[in-house]
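The following note sets out several points for consideration on the structure shown below. They concern charged side-chain pairs and the packing of one helix.

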Amino acid sequence: MSQHPDFQQEQHYLHHAKTYMQNLLTTSAQDLKTAQDNIRTSLADLDYLDSSLSYLNILENARFFEMARDQQDSLLAVQNKPYFARISFQRHDATDIETFYIGKISLFDQQTHEPIIIDWRSPIANVYYDGRLGDLTYDVRGEQHRGHLHAKRQYKIEQGKLLDIRDVDLTTTDELLQEALEGKADVRLTEIVSTIQKEQNEIIRAHLKQPIIVQGAAGSGKTTIALHRISYFLYTMGDHFKAQQLMILAPNDLFIDYISDVLPDLGVGKIQQTTFQQYIVQALSLKITPENQNDTLEKLIVATDSPSAWLLQWKGSLAFRDALDRYVDKLEADMAAQFEDVFLEKYRLLRASKLQKLFLEELHYLPLEQRLERIKKVMQADVKRKEKAVYQALSDRYEATLDKILNGIRDAEKRRRLIFKYTDERDERLPQIKQEAKTKTASYMRRFKKFNVKTLYREFVTNRNLLADLVPDWTVEQLEQFLQAHKKERWHADDLAALYYLTARLKGIRDEWKMKVVFIDEVQDYSLLQLASLQAGLETDMFTMVGDVAQGIHSYRSLTEWDSVRALFPRATYTTLQKSYRTTIEIMNVANNILQQMDEALPLVEPVVRHGEHPQFIQCAAFDTALLMQQDKLLREKGYRSIAFICKTTADAITYAEQLRHDGYIVQLLTENSELDQTKLLIVPSHLAKGLEFDAVIVGAFDTPFYPQSLDRKLLYVALTRAMHHLTLIAPSIEHFLLTANAIEHNERLEK
Ligand SMILES: Nc1ncnc2c1ncn2[C@@H]1O[C@H](COP(=O)(O)OP(=O)(O)OP(=O)(O)O)[C@@H](O)[C@H]1O
């Protein structure tokens with residue numbers, strides 16, 4: 001292979017960048033040592049009587065230490081691959097063509113201030129991802145700039161060595177992408193900054209203060225993009241938002257483990273990564289154990305057509321939210337009725353009607369308890385302001401009365417008696433005003449009891465009369481079913497959403513749990529109620545929501561289309577991703593076959609052009625440990641590193657894992673709390689496979705075939721689309737996978 005003409009020149013540049021980094025690393029190592037020494041000296045000098053100076057010294061050095069360490073960490077992380085691409089760019093009106101090397105961090109020459117490397121998230125780097133050579137515009141903090149992109153170049157750098165250079169023009173396929181996709185063999189998600197595609201880049205950089213909804217095909221990079229968007233967000237808006245104010249909601253802990261490497265790799269730390277359930281329990285300080293959503297799903301998989309399907313759907317709907325609103329209205333009215341005129345002594349300070357107006361109208365935008373807090377403040381100020389006047393008025397009244405007695409009553413004995421009487425009375429009442437003023441507000445407000453939201457919610461779901469009142473359109477049968485279903489105290493996702501919603505409306509969500517920006521993965525598994533609750537509680541619509549309705553295995557209670565979400569987030573951008581980067585053409589053909597059978601009429605997924613092995617079908621009457629062990633070994637011999645055996649239900653997964661273990665084969669049965677260990681054959685229930693990916697997937701359907709019904713199609717589709725490079729199906733018959741006899745052969749024929 002002939003060498004690129006600029007190879008040597010590029011080698012020089014790489015050497016220059018690396019040397020520069022090395023020098024910085026040496027300096028920051030010295031800085032670290034100096035800071036450490038200073039801290040040590042200051043600690044030794046710490047004089048307990050006059051410690052402020054040493055104390056300040058320690059604090060300052062600690063801050064300095066942290067900065068130097070952060071710089072060191074980020075340089076060390078990229079030292080072996082300082083950049084991955086370069087653009088030759090001419091700004092509008094400029095005569096020179098500038099060259100920018102793009103990497104994961106920015107590096108500037110401290111003397112010349114010229115960039116050595118620019119960050120992939122910087123505005124100018126957008127030009128690289130946007131694709132086109134030629135005239136273009138790019139955005140810098142909302143301002144459009146024009147320019148001309150002359151060339152794009154990609155580098156293959158490994159262990160600090162330049163291996164290859166590719167000039168990218170309009171016709172070349174993205175070799176870097178191809179290699180990245182073929183070479184992937186990690187059971188955890190990775191960053192993709194060097195191969196982000198145009199349509200993905202648009203989502204990463206889409207208006208950061210606006211919500212965005214992404215319907216993306218399986219493997220289109222939704223999770224990856226959402227994580228890159230977080231990194232881009234903090235880079236661009238870091239001055240206004242702290243990482244702690246951002247939150248990712250993932251389906252379960254297994255998934256959080258799966259994505260755990262990406263954010264630190266992208267320079268993002270300290271962001272909340274949690275599940276909806278965990279978030280609600282923590283934010284509301286609940287002492288409850290939520291039901292596992294997958295248990296409900298498992299029941300539905302085994303016994304389909306549950307009689308309570310309508311109920312689950314209703315609880316996930318906005319109709320439930322509306323009923324909760326009516327409940328809050330009722331509580332609000334009850335509260336408003338408790339306001340009475342406020343008196344100090346016998347003087348009226350505030351009228352009940354004024355307080356009601358404040359409560360019901362002027363402060364209506366606040367949760368009920370917070371309105372009371374405000375009213376309390378108003379009252380306190382009012383009492384304080386009027387206290388003197390009341391005192392004066394009362395004192396004047398006594399003065400006048402005493403005057404009248406002195407001047408008007410002739411009988412000395414009577415006069416003396418009356419003067420004593422009124423002076424005593426005055427001396428008793430006047431100091432009482434002060435006393436009463438002090439406690440007035442607190443004692444007045446005591447009539448309002450703090451809400452116990454959990455108790456109120458239980459009241460809502462168990463009180464027949466209340467329910468009949470709040471949901472008048474239910475039939476008697478529905479009402480009975482609802483009451484029956486809620487006899488036992490259970491906390492499903494929508495109960496938690498309702499609790500959160502009620503808390504938001506009655507008390508407000510505490511500041512430390514009021515994240516400003518939310519990223520939701522697998523959003524198709526959310527109900528509208530969950531989304532509406534989060535939106536109301538967090539008082540923001542800065543949501544990035546990515547999902548795929550074709551994988552909506554919880555659709556009995558969650559989303560089946562996007563229009564309703566768009567109505568809930570009217571400012572949201574809606575966009576779709578149709579290309580799959582995960583799966584080979586051969587595997588996608590089989591998955592597309594299932595997609596076509598779905599009711600949702602979704603467009604077929606386009607795999608990025610990447611061929612691989614043909615999926616194989618092995619006919620086998622019953623689960624056979626020997627066959628599975630042999631397949632696992634075979635796949636490992638072929639070089640596949642993460643291998644999953646996916647079956648429809650958890651019960652199947654448990655049984656097969658036990659049988660394999662019984663026969664001495666070491667496997668990992670994946671549960672929601674597992675940490676992925678790719679050295680073992682992973683046994684995965686289909687619903688838990690969602691979001692994950694493996695080099696090779698074996699799907700088994702023995703005791704529980706996939707039936708031609710919505711939920712099974714989705715579970716099967718999820719299972720099939722987990723495979724990156726290889727897919728094997730094992731069952732007594734190919735129909736167990738809802739495929740026709742020639743589906744796999746047909747696939748082969750297609751490719752010949
Ligand atoms: N531009 C890209 N360059 C390299 N790899 C990519 C790119 N986009 C996506 N991928 C890879 O494709 C795979 C699928 O990505 P990801 O899991 O984010 O997709 P997804 O849409 O969330 O999938 P699913 O809905 O099936 O869970 C990952 O291995 C990811 O690294």
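How many salt bridges does the count come to?

1. The count comes to 42 salt bridges. The model is a predicted one, and the pairs discussed below should be read with that in mind.

2. One local pair is formed by Lys-198 and Glu-202, whose closest N and O atoms are 3.2 Å apart. Both residues belong to helix H5 (residues 198-204), where a spacing of four residues separates them by about one helical turn. An α-helix has 3.6 residues a turn, so residues three or four places apart point the same way. Lys-198 is partly exposed, with a relative accessibility of 37%, and Glu-202 is likewise partly exposed, at 43%.

3. A salt bridge also joins the side chains of Glu-369 and Lys-507, at 3.1 Å from N to O. Glu-369 is located in helix H14, while Lys-507 sits in the loop between helix H19 (493-506) and strand E13 (517-520), so this pair ties together parts that are 138 residues apart in sequence. Is Glu-369 buried or exposed? Its relative accessible area is 10%, and Glu-369 therefore counts as buried, the limit being under 20%. Lys-507, at 24%, is partly exposed.

4. In a further salt bridge, the side chains of Glu-600 and Lys-714 meet at 2.7 Å, N to O. Here too, distant parts of the chain are linked: Glu-600 is in the loop between helix H22 (585-597) and strand E17 (606-607), Lys-714 is in helix H26 (residues 710-720), and the two are 114 residues apart. Glu-600 is partly exposed at 22% relative accessibility, whereas Lys-714 is buried at 2%.

5. Which residues are joined into one network by salt bridges that share partners? Asp-6, Glu-10, Arg-86, Arg-153 and Asp-167 are connected in this way.

6. The final point concerns helix H13 (residues 352-362), whose buried residues are Ala-352, Leu-355, Leu-358 and Phe-359. Viewed down the axis of H13, these buried residues fall within an arc of 130°, so they line one face of the helix. What do the buried residues of H13 pack against? Their partners are the helices H12 (318-336), H14 (368-408) and H15 (412-445), together with the strands E11 (342-344) and E12 (347-350). Helix H14 thus appears in two of these points: it is packed against by buried residues of H13, and it contains Glu-369 of the pair with Lys-507.

Conventions: Residues numbered from 1 in each chain as written. Predicted model: local features only at pLDDT ≥ 70, side-chain atom pairs only at ≥ 80, totals over all residues. Heavy atoms only, no water. Buried < 20%, exposed > 50% of the residue type's maximum accessible area, 1.4 Å probe, protein only. Arc of directions from axis to C-beta. Contact = heavy atoms within 4.5 Å. Salt bridge = Lys/Arg side-chain N within 4 Å of Asp/Glu carboxyl O.
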